[in-house]
Amino acid sequence: MEAFVRHSGLVYPLNRANIDTDQIIPKQFLKRIERKGFGKFLFYNWRYDDDGNLRDDFSLNYPEYQDASVLVAGENFGCGSSREHAPWAIQDYGFRVVIAPSFADIFYSNCFKNGILPVQLKGEEVSQIMDRAEGGECYLSIDLVDQIVFDGTGWSATFEIDEYHKNMLLNGWDEISVTLTYDDAISAFENQQS
Amino acid sequence: MSQPETIIEKIWNKHVVHQEEGKPDLLYIDLHLVHEVTSPQAFEGLRMNSRKVRRPDLTFATMDHNVPTIHRNVIKDAVSKKQMETLEENCEEFGVSLADIHHPDQGIVHIIGPELGLTQPGKTIVCGDSHTSTHGAFGAIAFGIGTSEVEHVLSTQTLWQAPPKTMQVKVNGNLGTGVTAKDLILAIIAKFGVRFGSGYIMEYTGEAIREMSMEERMTVCNMSIEAGARAGLISPDEKTVQFVEGRRHAPKGEEFEKAKKEWLALATDEGAVYDSTVEINADEIEPQVSWGTNPSQCVPVSASVPDPETVTDDEDGVRRALEYMGLEPNQPIESIELQHVFIGSCTNARLADLRKAARMIEGRKVHEGIRAMVVPGSFAVKQEAETEGLDRIFTEAGFEWRSAGCSMCLGMNDDIVPPGEHCASTSNRNFEGRQGNGARTHLVSPEMAAVAAVEGHFVDVRNYTSAAERVI
Ligand code: SF4
């Protein structure tokens with residue numbers, strides 16, 4: 001997995017709460033058996049019209065957000081289905097960081113397996129970013145080592161993340177390889193069960 | 001005597017393989033259920049790294065999301081077909097048992113687990129599917145995982161999981177006549193919101209829960225994820241034990257007697273402390289109907305759709321939901337005109353659900369302009385229902401009688417609701433586009449869906465008589 005240490009990029013604000021994984025990637029795209037190529041289907045029903053053309057009234061399609069790599073959204077982001085196609089689509093589209101006041105548990109944990117950093121900030125901090133990004137170009141830097149989000153104007157906010165997930169992202173570890181080093185403990189557990 | 005514990009702690013502690021400061025627990029998984037949608041990339045990962053499935057004997061696969069519910073052998077969609085064939089190939093290659101579309105055990109993964117006796121009290125159960133919480137009804141810790149975690153479990157039979165916080169959802173009193181387990185869980189989510197369970201494993205307790213059948217308990221636990229919870233469960237009792245006894249994968253003879261003792265001992269101890277408790281009074285709950293685009297947006301059938309001008313919370317969200325749903329502020333729920341009725345899904349497509357729905361419509365006809373459909377949760381449910389003659393009751397009333405699968409719950413196959421049309425659905429999610437692009441879903445109980453099919457709009461099922469009562 002690709003490591004994540006720090007990232008700077010343009011913010012795309014999506015000011016909605018409870019964005020569910022059916023919105024992030026609708027079911028018709030879950031039939032594919034690959035991990036790649038989901039980016040063009042991200043937020044499909046919002047981004048495209050019935051004929052499959054990009055809608056010009058959905059903000060992600062605005063020219064000013066075309067290079068965005070930091071997604072900022074409302075609370076409970078990623079609720080609903082456990083589909084990992086959601087982080088795959090977000091990552092494949094080009095986002096490296098998702099910032100929200102809260103995340104659904106399964107989505108949150110899925111992000112770490114795909115080199116995406118989910119950043120949980122306070123509601124008011126998210127609102128500040130949202131206002132700025134809706135008002136004009138907004139760039140943020142996100143540093144995982146110091147657990148901080150900041151911009152060029154002196155604004156900053158810190159965030160919590162548990163050590164385990166932090167190390168996994170910083171090192172780009174493949175979790176299975178790590179777990180396989182515990183093979184003896186797993187076998188011992190199995191022997192004692194049977 | 002040792003410290004009183006909740007069932008959640010008891011099961012968790014029995015499954016910890018490794019514990020270390022600064023890390024989540026390494027948790028052993030007793031049962032891994034697999035379906036076609038969230039597994040192909042996981043098997044591919046194993047192949048790429050020359051890994052194998054550690055415990056094929058604890059892994060069980062079926063096909064449910066994509067399967068056609070008419071002419072199930074004719075899969076028109078080439079991509080769906082490929083996904084199903086991929087599961088077949090993967091199961092063959094890695095030695096995993098599969099109930100494919102030609103197999104009598106096939107069905108929605110959360111319906112067949114309990115049916116086959118794979119689901120048992122005290123187990124840790126995972127599946128690449130958020131409604132895995134259904135299995136919690138048996139007193140198991142059961143939760144949904146992503147595809148990377150599916151791969152992790154296939155390869156190691158474990159998962160790194162932070163110990164959960166525990167929550168008691170205490171249901172006081174009893175549900176009134178005509179008020180169902182579905183109404184209870186919808187009312188809980190309406191009251192506490194779609195996030196209140198986040199980070200928690202919830203245990204449902206109280207008189208109303210104890211009174212419930214296993215089928216009803218499964219309906220409640222199924223929607224724990226809609227409250228944001230990691231999992232939901234119910235302490236096992238005699239009903240649990242009876243349900244499991246005699247099923248194919250259940251322990252037999254002396255083994256069973258031994259297991260039974262262990263299962264009953266899992267129940268939360270008197271005096272155990274939860275990290276949090278919420279309470280709801282069952283007797284105040286009315287039949288529920290969702291009006292919006294998340295499951296907390298529901299009200300009693302006698303009520304009206306909210307007005308964004310007067311709500312205190314998430315005004316924009318309410319406005320957007322009403323716009324999507326094509327509803328006016330303050331519009332009475334009973335006035336919403338329906339075009340579709342779907343009875344199915346892992347929430348409400350067990351035999352008991354179909355029986356209840358059938359009782360409401362026996363001798364009646366589906367209202368003009370309504371397309372109504374029943375999709376049994378498994379092939380076994382379908383067969384039993386047919387033996388009882390339920391299929392005839394449905395078809396004579398004008399319902400379509402289909403074969404088993406997820407179907408219109410998420411519309412991955414051909415069963416979809418067209419844009420702008422309203423569907424009374426016994427499923428669990430009313431998200432935008434869930435049942436089809438632009439589809440407008442209203443979540444209800446099977447009884448409410450059945451009577452809505454007859455009337456063409458929602459009515460309070462409590463004012464409606466079943467066939468049995470009409471005869472009297
Ligand atoms: S019936 Fe619906 S909710 Fe249940 S597993 Fe299938 S798609 Fe998911």
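How many salt bridges are there between domain 1 of chain B and domain 2 of chain B? Keep that one in mind; point 3 has the answer. Here are my notes on this predicted model.

1. Start with how chain B is divided. The domain assignment splits chain B into domain 1, covering 7-277, and domain 2, covering 287-463. If you take the centre of each domain over its C-alpha atoms, the two centres sit 25 Å apart. Both domains put residues into their shared contact: 43 residues from domain 1 of chain B and 43 residues from domain 2 of chain B.

2. Now look at how much surface gets covered there. Domain 1 and domain 2 of chain B bury about 3300 Å² between them, and carbon and sulfur atoms account for 59% of it. On the domain 1 side, the residues that lose the most area to domain 2 are Thr69(B), Ile108(B) and Lys182(B), which together make up 19% of what that side buries.

3. Back to the opening question: the count between domain 1 and domain 2 of chain B is three salt bridges. As background, side chains of opposite charge can pair when their charged atoms come close. Try finding Arg429(B) and Glu226(B), which form a salt bridge with their closest N and O atoms 2.6 Å apart. There are also 21 residue pairs in polar contact between the two domains, counting pairs with both residues at pLDDT 80 or more.

4. Which pieces of domain 1 of chain B face domain 2? Helix 3, helix 4 (109-115), helix 6 (181-192) and helix 8 (214-222) of chain B each supply at least two residues to that side. Helix 6 has the largest share, with six residues. Sorted by class, this side of domain 1 has 17 nonpolar, 17 polar and nine charged residues.

5. Where does the ligand sit? Domain 1 and domain 2 of chain B both give residues to the shell around the ligand, so it lies between them. Among the residues surrounding the ligand are His65(B), His110(B), Asp129(B) and His131(B), along with Cys346(B), Cys406(B), Cys409(B) and Arg434(B). Ile108(B) is also in this shell, and you met Ile108(B) in point 2 as one of the residues losing the most area to domain 2. By class, the shell has five nonpolar, five polar and two charged residues.

6. Next, zoom out to the two chains. Here 59 residues of chain B are in contact with 47 residues of chain A. The area buried between these chains is about 4400 Å², with 53% of it from carbon and sulfur atoms. Eight salt bridges turn up across this interface; one of them to look for is Glu149(B) with Lys113(A), where the closest N and O atoms are 3.8 Å apart. The count of residue pairs in polar contact between the chains, both at pLDDT 80 or more, is 36.

7. What does chain B use to touch chain A? Several elements of chain B supply at least two residues each, including strand 1 (16-18), helix 2 (40-48), helix 3 (78-94) and strand 8 (158-161). Helix 5 of chain B gives the most, with seven residues. The residues on this side of chain B divide into 15 nonpolar, 27 polar and 17 charged.

8. Last, a look inside chain A. The structure holds 38 salt bridges over all chains. Arg96(A) forms a salt bridge with Glu2(A), their closest N and O atoms being 3.4 Å apart. These partners are 94 residues apart: Arg96(A) is in the loop between helix 3 (85-93) and strand 3 (97-100) of chain A, while Glu2(A) is in the segment before strand 1 (6-14) of chain A.

Notes: Residues are numbered from 1 along each chain as its sequence is written. Chains are lettered from A and ligands numbered from 1 in the order in which they are written. This is a predicted model: local features need pLDDT of at least 70, side-chain atom pairs count only at pLDDT 80 or more; totals for chains, interfaces and linings use all residues. Side-chain values use heavy atoms; hydrogens and water are left out. Contact means heavy atoms within 4.5 Å. Buried area is the accessible area (1.4 Å probe) that two parts lose on being put together, summed over both. A salt bridge is a side-chain nitrogen of Lys or Arg within 4 Å of a carboxyl oxygen of Asp or Glu. A polar contact is a pair of N or O atoms within 3.5 Å; within protein, one must be able to donate a hydrogen and the other to accept it, and residues adjacent in sequence count only if both atoms are side-chain atoms. Helices (H or I, at least four residues) and strands (E, at least two) are DSSP runs, numbered from the N terminus. Ala, Val, Leu, Ile, Met, Phe, Trp, Tyr, Cys and Pro count as nonpolar, Asp, Glu, Lys and Arg as charged, and the others, Gly among them, as polar. A residue is near a molecule or strand if one of its heavy atoms lies within 4 Å of it. Domain bounds come from an automatic or database domain assignment.
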